[in-house]
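Trainee: Please choose a single part of this model and examine it closely. I should like to see how that part is set among its neighbours.

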Amino acid sequence: MSQPDPGTSDAAASKAAAATPSLVPDQVVLVVDFGAQYAQLIARRVRELNVYSEIVRADISAEEVRRRGPAAIILSGGPASVHVEGAPLLDPGIYELGVPILGICYGSQLIAEQLGGRVDRSGQGEYGRTTLTVATDVPSSLLGPAPESGQTVWMSHFDGITELPEGFVGCASTPNAPVAVLENDEARIWGVQYHPEVIHTPDGMNVMRRFLHELAGCEPNWTVGSFVDSAVEAIRAQIGDGRAICGLSGGVDSAVAAALVHAAIGHRLTCVYVDTGLMRLGESDQVVDTFQRHQGIELIHVRAGDQFLERLADVTEPEAKRKTIGELFIRVFEQASGGIDDANFLVQGTLYPDVIESGTAQAAKIKSHHNVGGLPDDLEFELVEPLRNLFKDEVRQVGTKLGLPDEIVWRQPFPGPGLGVRIIGEVTAEKVAVLQEADAIVRQEIRQAGLEREVWQAFAVLADIRSVGVMGDERTYARPIIIRAVTSEDAMTADWARLPYDLLEKMSNRIINEVEGVNRVVYDITSKPPGTIEWE
């Protein structure tokens with residue numbers, strides 16, 4: 001199911017997590033999040049090196065770490081200073097477990113401070129690219145063979161390590177970081193002041209590879225193929241001889257979840273597609289065609305656009321919209337699936353970023369997500385969420401592995417509430433029609449420019465204002481369309497896409513000439529953070 005939160009308690013979200021079959025491999029790397037903007041990127045980089053990773057909160061206890069038995073631990077960076085009151089600390093007992101640890105930025109300073117070294121404010125921080133000079137008289141197990149002339153690294157710090165803890169050696173420095181790399185091979189603890197996970201550190205992935213594969217002894221066996229095999233096995237174990245239903249949204253997540261469950265239980269899966277009337281132009285027909293005709297999956301198509309528009313009348317506040325759409329979606333879904341008496345499992349396309357953004361022990365709530373907090377307490381189904389631990393790029397790989405067509409696998413992410421949260425203010429049939437046409441033009445031009453796979457999302461937003469214009473020597477007072485296009489790796493952070501001016505001009509001209517009621521087009525150049533990808 002892929003629709004938003006109708007106002008659910010934490011109990012329902014906990015129920016969702018508890019019901020999910022365990023797809024965590026025996027070997028896992030824990031990324032301890034100290035509030036870094038790059039924590040999710042670190043976790044992804046670990047997976048790119050074919051080792052499974054999960055993000056955990058900063059106050060995880062040594063006992064919890066011992067229980068989980070990770071193959072390695074990575075301490076992320078963070079915005080705080082180790083000297084600030086209330087700065088997050090690591091349970092000291094974790095250092096004594098013998099688990100290999102790599103500290104990054106704040107994580108390296110925390111290692112030094114907690115194990116008896118010293119961290120001081122140097123008076124001049126380092127931000128951006130700088131040169132790392134590797135010590136020639138101190139061999140480094142983490143850096144390996146390194147050029148004597150130095151290498152480029154990405155820095156983002158103000159404090160610096162000035163004294164090493166007992167048993168540690170300093171292996172490299174930068175102009176404003178006398179200890180840019182610290183190591184204690186016997187204790188199996190390493191730290192780097194810079195950020196090896198970002199592309200601006202050219203040798204960064206080699207450093208992470210040496211830590212994971214050589215120093216921590218992690219086997220590089222986390223692959224899409226291994227995930228699919230283990231997921232199918234876990235789904236079969238959970239559902240047994242039962243039947244399952246899946247709420248298709250038309251997006252990548254629910255489509256891949258449905259295909260994965262279908263691979264596990266075949267005809268015992270029935271998909272329900274609730275057409276809210278808030279989909280992109282032509283999308284409903286494509287969803288029905290793909291799953292009913294080409295995938296051979298039983299599909300119930302419910303046309304409920306009028307119901308949703310009626311319920312959304314006079315609703316303008318973003319979270320109220322999400323909850324209104326989500327609650328009605330679930331009720332329509334329940335009615336449509338009521339005839340499947342023997343189905344007691346519900347498939348959802350929940351992803352790892354959904355879990356994080358909806359507010360977990362690791363992160364404050366940014367916005368409610370359909371798959372995490374979108375379930376009523378009286379839910380009668382047991383949940384199946386096979387993608388809950390995956391990032392979006394991994395989900396696409398799984399979809400391709402399962403044989404889904406590119407038009408589904410590479411479809412740009414679409415919010416659960418659909419165009420309802422891309423229309424600022426009240427949602428009406430007229431506004432939906434205007435936005436569908438404008439959005440179709442944006443996506444067509446992106447595709448024709450060959451940028452569909454380079455841009456994470458490109459879409460139109462209909463603003464709840466009017467502006468003066470001149471069309472055909474006549475004064476107009478019509479609505480503006482906002483074009484939003486971003487690049488991203490996993491939607492946790494995003495940068496506005498630098499689209500060519502001639503492409504933007506073409507989009508603008510077509511929208512104004514072809515979409516009635518629009519007389520102005522603007523381009524959103526806000527990154528995430530501080531903004532979000534969606535406007536509501």
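Mentor: The account below follows one helix through the elements around it, and then turns to the core that it serves. This is a predicted model, in which local features need pLDDT of at least 70 and side-chain atom pairs count only at pLDDT 80 or more, while totals for chains, interfaces and linings use all residues. Residues are numbered from 1 along each chain as its sequence is written, and side-chain values use heavy atoms, with hydrogens and water left out.

The protein contains 16 helices and 19 strands; these are DSSP runs numbered from the N terminus, helices being H or I of at least four residues and strands E of at least two. Of its 536 residues, 58% count as buried, that is, under 20% relative accessible area with a 1.4 Å probe and protein chains only, where over 50% is exposed and anything in between is partly exposed.

The part chosen is helix 7, which spans residues 252-265. Helix 7 lies across strand 10, strand 11, strand 13 and strand 14, and runs at about 160° to strand 10. Such angles run from 0 to 180 degrees between N-to-C directions, and the axes are lines fitted to C-alpha atoms, for helices over the stretch in contact.

An open sheet of five strands has the order 12-11-10-13-14, and its pairing is parallel; two strands pair if DSSP finds at least two bridges between them. Strand 12 (298-303) and strand 14 (382-384) form the edges, each pairing on one side only. From one strand to the next the twist averages 30°. Strand 10 (residues 243-248) is joined to strand 11 (residues 269-275) by five bridges, and L248 has Y273 of strand 11 as its bridge partner. In strand 13 one finds V347, which is buried because its relative accessibility is 0%. The C-alpha atoms of V347 and E385 are 6.0 Å apart, although 38 residues separate the two in sequence.

Two helices pack against helix 7. Helix 6 (residues 224-239) does so at an angle of about 65°, with the axes 9 Å apart. Helix 6 is therefore roughly perpendicular to helix 7, and their crossing is right-handed. Contact here means heavy atoms within 4.5 Å. On the helix 6 side F227, V228, A231, V232, I235, R236 and I239 take part, and they meet L260, V261, A263, A264 and I265 of helix 7.

Helix 13 (residues 392-401) packs against helix 7 at an angle of about 45°, with the axes 10 Å apart. Here V252, D253 and V256 of helix 7 meet K392, V395, R396, V398 and G399 of helix 13.

Finally, the core. A nonpolar core is a set of buried Ala, Val, Leu, Ile, Met, Phe, Trp, Tyr and Cys residues joined through side-chain atoms within 4.5 Å. The largest one has 118 residues, and those with the most contacts inside it include F227, L269 and I481. Helix 7 gives the most to this core, with ten residues. Apart from it lies another core, of 36 residues, among them I42, V51, A177 and W190. Leaving aside neighbours within four places in sequence, the contacts of I481 include L435, A438, I511 and R520.

Definitions and conventions. Angles under 35 degrees count as roughly parallel, over 145 as roughly antiparallel, 65 to 115 as roughly perpendicular and the rest as oblique. A crossing is left-handed if the near helix is turned anticlockwise from the far one by less than a right angle, and right-handed if clockwise.
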